[in-house]
Amino acid sequence: MSNVDASDSAAQGLTRLNRWKACGGFFEQYTHPSSSTNTAMRFTVYFPPQSAHKPVPVLYFLSGLTCTDENVVQKGFVQSQAAKRGLAVVCPDTSPRGAGVDGEDESWDFGTGAGFYVDATASKWSRHYNMFTYVTQELPAILHRHFPTALLPDARSICGHSMGGHGALVCAMKTFLSQGGPPYKSVSAFAPIAHPTACPWGQKAFGGYLEGDQGAGKAGEGWDATLLMEREGPFPFPLLVDQGTADTFLEGQLMPEALEKACASKGQDATIRRQDGYDHSYFFISTFMADHIDFHANALGLPRE
Ligand SMILES: N[C@@H](CCC(=O)N[C@@H](CSC=O)C(=O)NCC(=O)O)C(=O)O
């Protein structure tokens, strides 16, 4: 279970920053005080046209290193298929901002913009860098309190890219294992950092955020999707992963073959696809976004087109 208290934050207010009409629905961007991160947090929701008349299921999209809530909104092409299927898409930020932790802005792959969707236990980071509790508990509670007629409380799935692809896997796995909220119905990832304890990005993040992860790396094992699959799989939700073959981070950082092997050994319901010639960018993500929206809409029981 989480070491962070997210219980009181649903009562706190949201301030709307922006609203844009798209494909008959609306993107709405909000800021609010967060009890998980002890900072202001920002997120954007796509409300499909159907949500004006009845509550709809929710897909969370977790972005990667250096991103905010806006990258996938501007370049992910979520809205056209989400509007067709009647699926809301929630896009959180990737870390607290302006927390004031010494060194948080020194590198692009750690600290600001790089929360890695863990709950930090190292004392320097643990007051603010609690993105796991924020994404899995606090933000859903806020959304369902503020938008009860637009969003269903228990029908949720999760997707992400790179750091966020791994975050999506771990949010679903750890929520199921801890029974810490309604289970996610499906999980998908674009180019996830599939085995973070074995790659430089993950070792840097876990070594910083997690007490006891320096050196032997033990603390990170409970936050590594491939190790969670090996130890606790199979999980009762389907998994879809897309990986571009021309991704410059594929060798050395992403390691989809490790996750693939773990899924195969545990009989996990998993589809892991290689997409020829695609890189790590939002050109890749936007190309296959409709497939991912359909995958989740089907798992969430939405009517097919
Ligand atoms: N330092 C570089 C590379 C950063 C980068 O490629 N970030 C990816 C996510 S990587 C894994 O989590 C990304 O999504 N970038 C944003 C985008 O809109 O493409 C840099 O700063 O460019």
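This is a guided tour of a predicted model, one selection at a time.

**The whole chain**

Start with everything shown as a cartoon. You should be able to find nine helices and nine strands. The radius of gyration is 18 Å, close to the 19 Å that the globule rule gives for 305 residues, so the chain is as compact as a globular protein of that length. If you draw a box along the principal axes, the C-alpha atoms fill roughly 55 × 40 × 35 Å. Colour by burial next: buried residues make up 52% of the 305 residues. Of the contacts with a separation of 6 or more, 74% are between residues 24 or more positions apart.

**Around the ligand**

Now select the shell around the ligand. Type in G64, L65, T66, C67, N71 and W108, then add H161, S162, M163, H280, S281 and Y282. How many of these shell residues are nonpolar, polar and charged? Five are nonpolar, seven are polar and none is charged. Keep H161 highlighted, as it leads to the next stop.

**Strands 6 and 7**

Select strand 6, residues 151–161, together with strand 7. The two run parallel and are joined by four bridges. One to pick out is the bridge between H161 and its partner F190 in strand 7. H161 is also one of the residues around the ligand.

Stay on strand 7 (residues 187–190) and turn on side chains. V187 and A189 point one way, while S188 and F190 point the other way. Are these four residues buried or exposed? All are buried.

**Strand 5 and its partners**

Move to strand 5, residues 88–92, where five of the five residues are buried. The side chains alternate here: A88, V90 and P92 point one way, and V89 and C91 the other.

Which strands pair with strand 5? Add strand 3, which is antiparallel to strand 5 and pairs with it over four bridges. Within that pairing, T44 has C91 as its bridge partner. Then add strand 4 (residues 56–62), which runs parallel to strand 5 and is joined to it by three bridges. Look there for L59, whose partner in strand 5 is V89.

**R42 in strand 3**

While strand 3 (residues 40–47) is on screen, click on R42, which belongs to it. R42 counts as partly exposed because 19 other C-beta atoms lie within 10 Å, and the buried class needs 20 or more. Beyond residues up to four places away in sequence, R42 touches Q29, Y30, T31, D69 and D93. For a sense of scale, draw a distance from R42 to A299: their C-alpha atoms are separated by 28 Å, with their positions 257 residues apart along the chain.

**Helix 9 and the F77 loop**

Next select helix 9, residues 282–299, and centre on M289. M289 counts as buried because it has 25 C-beta neighbours inside 10 Å. Leaving aside neighbours within four places in sequence, M289 is in contact with G76, F77, V78 and Q81. A C-alpha to C-alpha distance from M289 to W20 gives 20 Å, for two residues 269 apart in sequence.

Follow the contact to F77, in the loop between helix 1 (70–75) and helix 2 (79–85). Check the backbone there: phi of F77 is near 60 degrees, a positive value in a residue other than glycine. F77 is partly exposed, with 17 other C-beta atoms within 10 Å.

**Two more backbone stops**

Jump to C23, in the loop between strand 1 (15–22) and strand 2 (25–33). Phi of C23 is also positive, near 55 degrees, and C23 is not a glycine. With 16 C-beta neighbours inside 10 Å, C23 is partly exposed.

Then go to P234, in the loop between helix 6 (225–232) and strand 8 (239–244). Is the peptide bond from G233 to P234 cis or trans? It is cis, with omega near 0 degrees.

**Last stop: helix 5**

Finish with helix 5, residues 200–209, and show the side chains of its buried residues: W201, G202, A205, F206, G208 and Y209. They cover an arc of only 165 degrees around the axis, so they sit on the same side of helix 5. Add helix 7 (250–254) to the view to see what these buried residues pack against.

Technical notes: Residues are numbered from 1 along each chain as its sequence is written. This is a predicted model: local features need pLDDT of at least 70, side-chain atom pairs count only at pLDDT 80 or more; totals for chains, interfaces and linings use all residues. A residue is near a molecule or strand if its C-beta atom, placed from the backbone, lies within 6 Å of it. Ala, Val, Leu, Ile, Met, Phe, Trp, Tyr, Cys and Pro count as nonpolar, Asp, Glu, Lys and Arg as charged, and the others, Gly among them, as polar. The radius of gyration is taken over C-alpha atoms; the globule rule is 2.2 Å times the number of residues to the power 0.38. A residue is buried if 20 or more other C-beta atoms lie within 10 Å of its own, exposed if 12 or fewer, and partly exposed in between; C-beta atoms are placed from the backbone. Two residues are in contact if their C-beta atoms, placed from the backbone, lie within 7 Å. The arc is that of the directions from the helix axis to the C-beta atoms. Two strands pair if DSSP finds at least two bridges between them.
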